[in-house]
Amino acid sequence: MEKKKKTIGFNIIKDDPTGGHGGFGAGVLSLENVSPVIIDVEAGEAFVDMGAMHARSAVERGIKFLPNRDEVPNGKPYWIVWVTIERKEDGPYYAGVTACEMTVDREARRGYKLLPEHVNRLDKSLKRHIIVDHMDEKSKRVLADFLKKHDIEMWNRSSEELKKGLEGEK
């Protein structure tokens, strides 16, 4: 009987699993404060779908993604926005917000997205970056409204960079 080789899978680590002593899992970025917000561009709606953490959101399921936009000419536009929540002394705020493009043609069961971009933007969100300037204006408003509606105090504590990026100069 062949012994299966143990693999170290991807772990979502809450708090400090090592009890402060280091060892296995030490230095691993925690993903517990990241949420994928999906924006349906045409409908002007935003919603959280945790399945997107593993490319298994309701929008992505059953779709074969291709890295060439031209192969999905009738794709419906979406944004996946990685939102990282951090805590300051006065409370939580939106610390990292990075958007990735995605299109889906449900009928053809094909979609367009660049997986490396999605992974890199998730990483950038975890590192407290704001990357929203490439989004269309309507989607920026939808995202700003969604974040405010979720928690206006978190919005108020967030960086001017995020507010200007989504609302423009005020």
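Me: Accessible areas here come from the Shrake-Rupley method with a 1.4 Å probe. About what area does the protein expose?
Reply: The model is predicted. Carbon and sulfur atoms supply 50% of the exposed area. The total is about 10600 Å².

Me: What pattern do the helices and strands follow along the sequence?
Reply: The protein has seven strands and four helices. Read along the sequence, their pattern is β-β-β-β-β-β-α-β-α-α-α.

Me: What share of contacts with a separation of 6 or more joins residues 24 or more positions apart?
Reply: A contact here needs heavy atoms within 4.5 Å. Among contacts in the protein with a separation of 6 or more, the share from residues 24 or more positions apart is 61%.

Me: What percentage of the residues is buried?
Reply: Buried means under 20% relative accessible area. The protein has 170 residues. The buried portion of them is 41%.

Me: Which element gives the largest share of the largest nonpolar core?
Reply: This core has 21 residues, and I39, V81, Y94, V97, M135, L143 and L166 have the most contacts inside it. Strand 1 (34–40), strand 4 (76–88), strand 5 (91–105), helix 2 (137–150), helix 3 (152–157) and helix 4 (160–167) each supply at least two of its residues. The largest share is four residues, and it comes from helix 2.

Me: How many residues are in the second, separate core?
Reply: Its members include V34, Y78, C100 and L126. The residue count of this second core is 14.

Me: Which residues does M135 touch, leaving out those up to four places away in sequence?
Reply: M135 is among the residues with the most contacts inside the largest core, as is L143. With sequence neighbours up to four places away left out, M135 touches I39, W79, V81, A99, K140 and L143.

Me: How far apart are the end C-alpha atoms of helix 2?
Reply: Helix 2 has 14 residues. At 1.5 Å a residue, the expected span is 20 Å. The model agrees, because the end C-alpha atoms lie apart by 20 Å.

Me: Which elements do the buried residues of helix 2 pack against?
Reply: The buried residues of helix 2 are S139, K140, V142, L143, A144 and L147. They pack against strand 1, strand 2 (45–48), strand 4, strand 5, helix 3 and helix 4.

Me: Over which ring does the charged end of K113 sit?
Reply: A search of the whole structure finds zero aromatic pairs. Charges do sit over rings: the charged end of K88 is over Y93, 4.7 Å from the ring centre. For K113, the distance to the ring centre is 4.5 Å, and the ring belongs to F65.

Definitions and conventions: Residues are numbered from 1 along each chain as its sequence is written. This is a predicted model: local features need pLDDT of at least 70, side-chain atom pairs count only at pLDDT 80 or more; totals for chains, interfaces and linings use all residues. Side-chain values use heavy atoms; hydrogens and water are left out. Buried means under 20% relative accessible area, exposed over 50%, partly exposed in between (1.4 Å probe, protein chains only). A nonpolar core is a set of buried Ala, Val, Leu, Ile, Met, Phe, Trp, Tyr and Cys residues joined through side-chain atoms within 4.5 Å. The expected span of a helix is 1.5 Å times one less than its number of residues. Rings of Phe, Tyr and Trp (its six-membered ring) pair if their centres lie within 6.5 Å; planes under 30 degrees apart count as stacked, over 60 as edge-to-face and the rest as tilted. A charge sits over a ring if NZ of Lys or CZ of Arg is within 6 Å of the ring centre and within 35 degrees of the ring normal.
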